[in-house]
Amino acid sequence: MIKQRIGHGYDLHRLEPGLPLIVGGVKFEHDRGCAAHSDGDVVYHAVTDAILGALGQDDIGQLFPDNDPKWKGAHSRVFMQEAVKLMREAGYTLGNIDITVILERPKLSPHKAAMKNNLADLLGCDLSQVNLKGKTHEQVDALGENRAISCHVVVLLNAVDTK
Ligand code: MG
């Protein structure tokens, strides 16, 4: 069994007026939100894909197809819970996770603690294993023009039984 597995996840959603903006399970006050089939949580989607990637499994779009009404309006925590379940079934536990959210505004910092709590809860790990950073896109391109939000994630999984 491979002792450690690394995974990368990336997600981007378009921002449009009149929609809620949910990031890392936290609702942000903003003039626009995510156009998406589910609740459009880029952080939960990218974390899910990072874990699935580390496991060498299908990606989020294959596991939860957006043409399946079952997932319409689904809270993205469901996707993460499924990825964590697959991680445990495969015999792995979370080592650490590093998350970068890119959005021009609003600021991420007032919400960081709540987001990290949500992530540690869902991942079943300690807060010290979760790192979260926010960056702007320097007013460049869709991300920098408040027309999109994206997230990059790197995760390390450790085998529970390393014999
Ligand atoms: Mg997504």
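# Cysteines, strands, cores and a metal site

Visitor: Is cysteine 34 buried or exposed?
Guide: The model is predicted, and in it cysteine 34 has a relative accessibility of 6%. Buried means under 20% relative accessible area, so cysteine 34 counts as buried.

Visitor: How many disulfides does the structure hold?
Guide: A disulfide needs two cysteine sulfur atoms within 2.5 Å. For cysteine 34 the nearest cysteine sulfur belongs to cysteine 151 and is 11 Å away, and for cysteine 151 the nearest is that of cysteine 34, at 11 Å. Neither cysteine 34 nor cysteine 151 is therefore in a disulfide under the 2.5 Å limit. The number of disulfides in the structure is zero.

Visitor: What is the relative accessibility of cysteine 151?
Guide: Cysteine 151 is in no disulfide. It counts as buried, its relative accessibility being 0%.

Visitor: How many bridges join strand S1 to strand S7?
Guide: S1 covers residues 4-17 and S7 covers residues 148-159, and the two run antiparallel. One facing pair is glycine 7 opposite valine 155 in S7. The number of bridges joining S1 to S7 is eleven.

Visitor: Which residue in S4 is the bridge partner of proline 17?
Guide: S1 also pairs with strand S4 (residues 32-35), in the antiparallel sense and over four bridges. In S4, the partner of proline 17 is arginine 32.

Visitor: With which residue does aspartate 31 meet in a salt bridge?
Guide: Aspartate 31 is partly exposed, at a relative accessible area of 44%. Its side chain comes to 3.4 Å, N to O, from that of its partner. The limit for a salt bridge is 4 Å, so the pair qualifies, and the partner is arginine 32.

Visitor: How far apart are the closest N and O atoms of glutamate 16 and arginine 14?
Guide: Five salt bridges are counted in the structure, and glutamate 16 forms one with arginine 14. Glutamate 16 is partly exposed, with a relative accessible area of 30%. The closest N and O atoms of the pair are separated by 3.0 Å.

Visitor: In which helix do lysine 85 and glutamate 82 both lie?
Guide: Lysine 85 and glutamate 82 form a salt bridge, with closest N and O atoms 3.7 Å apart. Lysine 85 is partly exposed at 42% relative accessibility, and glutamate 82 is partly exposed at 26%. The two residues are three apart in sequence, about one turn of the helix, and that helix, residues 77-89, is H3.

Visitor: Which element gives the most to the largest nonpolar core?
Guide: The largest nonpolar core has 42 residues, and those with the most contacts inside it are Val43, Val47, Ile99, Val101 and Leu123. Elements that each supply at least two of its residues include strand S5 (92-102), helix H4 (112-123) and strand S6 (130-135). With ten residues, the element that gives the most is H1.

Visitor: Which arginine is in contact with leucine 123?
Guide: Neighbours within four places in sequence are left aside here. Among the residues that leucine 123 contacts are Val47, Ile51, Met80 and Val130. The arginine in contact with leucine 123 is Arg88.

Visitor: Which residues coordinate the magnesium ion?
Guide: In sequence the donor residues follow the spacing D-x1-H-x31-H. Aspartate 11 lies in strand S1 and histidine 45 in helix H1, so this pair ties together parts that are 34 residues apart in sequence. Aspartate 11 and histidine 45 are both buried. At 2.2 Å, the coordinating residues are Asp11 (OD), His13 (NE2) and His45 (ND1).

Visitor: Which proline is joined to arginine 105 by a cis peptide bond?
Guide: The omega angle of this bond is about 0 degrees. The proline is placed in the loop between S5 and H4. The residue that the cis bond joins to arginine 105 is proline 106.

Visitor: Is asparagine 146 buried or exposed?
Guide: Glutamate 138, in the loop between S6 and helix H5 (141-144), has a positive phi of about 55 degrees although it is not a glycine, and at 63% relative accessibility it is exposed. Asparagine 146, in the loop between H5 and S7, also has a positive phi, of about 65 degrees, without being a glycine. The relative accessible area of asparagine 146 is 2%, so asparagine 146 is buried.

Terms used
Residues are numbered from 1 along each chain as its sequence is written. This is a predicted model: local features need pLDDT of at least 70, side-chain atom pairs count only at pLDDT 80 or more; totals for chains, interfaces and linings use all residues. Side-chain values use heavy atoms; hydrogens and water are left out. Buried means under 20% relative accessible area, exposed over 50%, partly exposed in between (1.4 Å probe, protein chains only). Two strands pair if DSSP finds at least two bridges between them. A nonpolar core is a set of buried Ala, Val, Leu, Ile, Met, Phe, Trp, Tyr and Cys residues joined through side-chain atoms within 4.5 Å. Contact means heavy atoms within 4.5 Å. Donors are N, O and S atoms within 2.8 Å of the metal (3.2 Å for Na, K and Ca); water is not among the atoms, so sites may look incomplete.
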